[in-house]
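Okay, thanks for coming, everyone. I'd like to walk you through one model today, so let me get it up on the screen.

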Amino acid sequence: MTTLLESEEHKDLRAAVAAFGKRYGREYLTKVVAEGGYPTELWQEAAKLGYLAVNLPEAYGGGGRGIAELSIVLEELGAAGAPLLMMIVSPAICGTVIARFGTEEQKREWLPALADGTRTMAFGITEPDAGSNSHRITTTARRDGDSGDWLLTGRKVFVSGVDIADATLIVGRTETVSSQSGRTGSLKPCLFIVPRDAEGFSWRPIDMELHGAEKQFELVLDEVRLPAEALVGDEDAGLLQLFAGLNPERIMTAAFAIGMGRYALSRAIGYARDRTVWKTPIGAHQAIAHPLAQAHIDLELARLMMQKAAYLYDAGDDVGAGEAANMAKYAAGEACVKAVDQAVHTLGGNGLTREFGLASLITAARVARIAPVSREMILNYVSHQTLGLPKSY
């Protein structure tokens, strides 16, 4: 029943965040983005209210709860028109990885600051030539035999918020060389905390057609020297540590998409109630009402899968959570795109005006289909892992 019905505590959290989000809303976020800034005021107040840290341990300033609660926060902010993409990256991915696998020193240094919003962390995994194939990651780390330091070299792309982050959690590999492929790196990913001012660490913005509060960057790591304690967790833990962050990322992306879909749907519903043609509100016509009802159903179904994924992850079932998180992200991405499309279509020409603020969501909604993993790769995962079908690659 935990995955089907929300507790009173969750309902109260949802209501509180919804009320908080409405005090900012889409107009606030649009204005900040237009000015080239970041919604710092929203971020800081969310931190002060404890919303950014509900999933982090109480011993380090967090709320001591889980991804289930953090996903509620992000969904409701999205439904209010003011989602915070860095919530996916900083507390959900980086905070979770450090809380689960970091040293005591790393936890003391980072978790309280992530919790109170005074510091943020970005996450770098995608590479120009790797895409969804983590086995092709070529960012490598080698030991300096004299000092014990790590030397990190490689490139990353589509890394969100590097310009506002105090450090980036970089996915690399310990260095090995294959005479057959010529590539470097073992199949075991390792995670390193790279401060933004580290020598040899540079970034440039990617010119995106999509304009959001969080900019996208390409990173270059040129023999970045890091102390031994920059490594998070065990050098040999490999995929376990990586997916400790990637499963919450998928769950939170689902929350982001569901919130966006709900926002678009609410604007369309309000318009359909008020817009009158031939003496009848257009929402009375089934051609308008039924697609909106279908969009609502799809969003609700996606939320159920998201709640299941969060429940499994918070319960410590990483394998079960992996399947559910992928399904939740897929379902939410599809539902979001359809909800936004139907919302714009309901408003007709008004759906493309700045006044109603829906047109920009047409592009933004597709992010949930593409990132952090494409819907096609999720279908590959389900067909291979769940259905037991052979791989095509």
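I'll go through a helix, some aromatic pairs, the cysteines, the salt bridges and a surface patch.

Ground rules before we start: this is a predicted model, so I'm asking for pLDDT of at least 70 for local features and 80 or more for side-chain atom pairs, while totals for chains, interfaces and linings use all residues. Residues are numbered from 1 along each chain as its sequence is written, and side-chain values use heavy atoms, with hydrogens and water left out.

Let's start with helix α2, residues 25-34. Helices here are DSSP runs of H or I with at least four residues, strands are runs of E with at least two, and both are numbered from the N terminus. Which residues of α2 are buried? Those would be Gly25, Arg26, Tyr28, Leu29 and Val32. By buried I mean under 20% relative accessible area; exposed is over 50%, and partly exposed is in between, with a 1.4 Å probe and protein chains only. Looking down the axis of α2, the buried residues fall within an arc of 160°, so they line one face of the helix. That arc is taken from the directions from the helix axis to the C-beta atoms. As a reminder, an α-helix has 3.6 residues a turn, so residues three or four places apart point the same way. Over on the other side of α2, Glu27, Lys31 and Ala34 are exposed. And just after α2 comes Gly36, with a positive phi of about 80°.

Now the aromatics. I'm pairing rings of Phe, Tyr and Trp (its six-membered ring) if their centres lie within 6.5 Å; planes under 30 degrees apart are stacked, over 60 edge-to-face, and the rest tilted. By this rule we get seven aromatic pairs. Take Phe20 and Tyr24: the ring centres are 5.5 Å apart and the planes sit at 65°, so that pair is edge-to-face. Phe20 is buried at 3% relative accessible area, and Tyr24 is buried too, at 10%. Phe20 also pairs with Tyr51, and that one is tilted, 5.6 Å centre to centre with 55° between the planes. Phe20 lies in helix α1, while Tyr51 is in the loop between α3 (40-48) and α4 (67-79), so the pair ties together parts that are 31 residues apart in sequence. Tyr51 counts as buried at 11% relative accessibility. Put the ring pairs together and you get a cluster of Phe20, Tyr24, Tyr28 and Tyr51. Tyr28 is one of the buried residues of α2 that I just listed.

While we're talking about α1, which covers residues 8-22, have a look at Lys11 in that helix. Lys11 is partly exposed, at 42%. The C-alpha atoms of Lys11 and Ile72 are separated by 9.2 Å, with the two positions 61 residues apart along the chain.

Cysteines next. How many disulfides does the structure hold? Zero, where a disulfide would be a pair of cysteine sulfur atoms within 2.5 Å. For Cys94, the closest cysteine sulfur is in Cys190, 16 Å away, which is too far for a bond. Cys94 is buried at 0% relative accessible area, and Cys190 is buried at 0% as well.

On to salt bridges, meaning a side-chain nitrogen of Lys or Arg within 4 Å of a carboxyl oxygen of Asp or Glu. That rule gives 25 salt bridges. In one of them, Glu223 meets Arg142 at 2.6 Å, N to O. This pair links distant parts of the chain, with Glu223 in strand β7 (residues 216-226) and Arg142 in strand β2 (residues 140-143), 81 residues apart. Glu223 is partly exposed at 36%, and Arg142 is partly exposed at 32%.

Then there's Glu334 with Arg369, closest N and O atoms 3.0 Å apart. Glu334 is in helix α9 (residues 318-347) and Arg369 in helix α10 (residues 359-370), so the pair ties together parts that are 35 residues apart in sequence. Glu334 is buried at 11%, and Arg369 is buried at 14%. There's a network as well: salt bridges that share partners join Glu6, Arg14, Glu75, Glu76, Arg262, Glu300 and Arg303.

Last item, the surface. Ile297, Leu301 and Leu304 make a nonpolar patch of about 270 Å². Patches use residues with over 30% relative accessible area and no salt bridge, joining like charges within 9 Å and nonpolar side chains (Val, Leu, Ile, Met, Phe, Trp, Tyr) within 5 Å. The areas come from the Shrake-Rupley method with a 1.4 Å probe, and for residues only the protein chains shown count as cover. Leu304 lies in helix α8, residues 286-314, and is partly exposed at 35%.

That's my tour, thanks.
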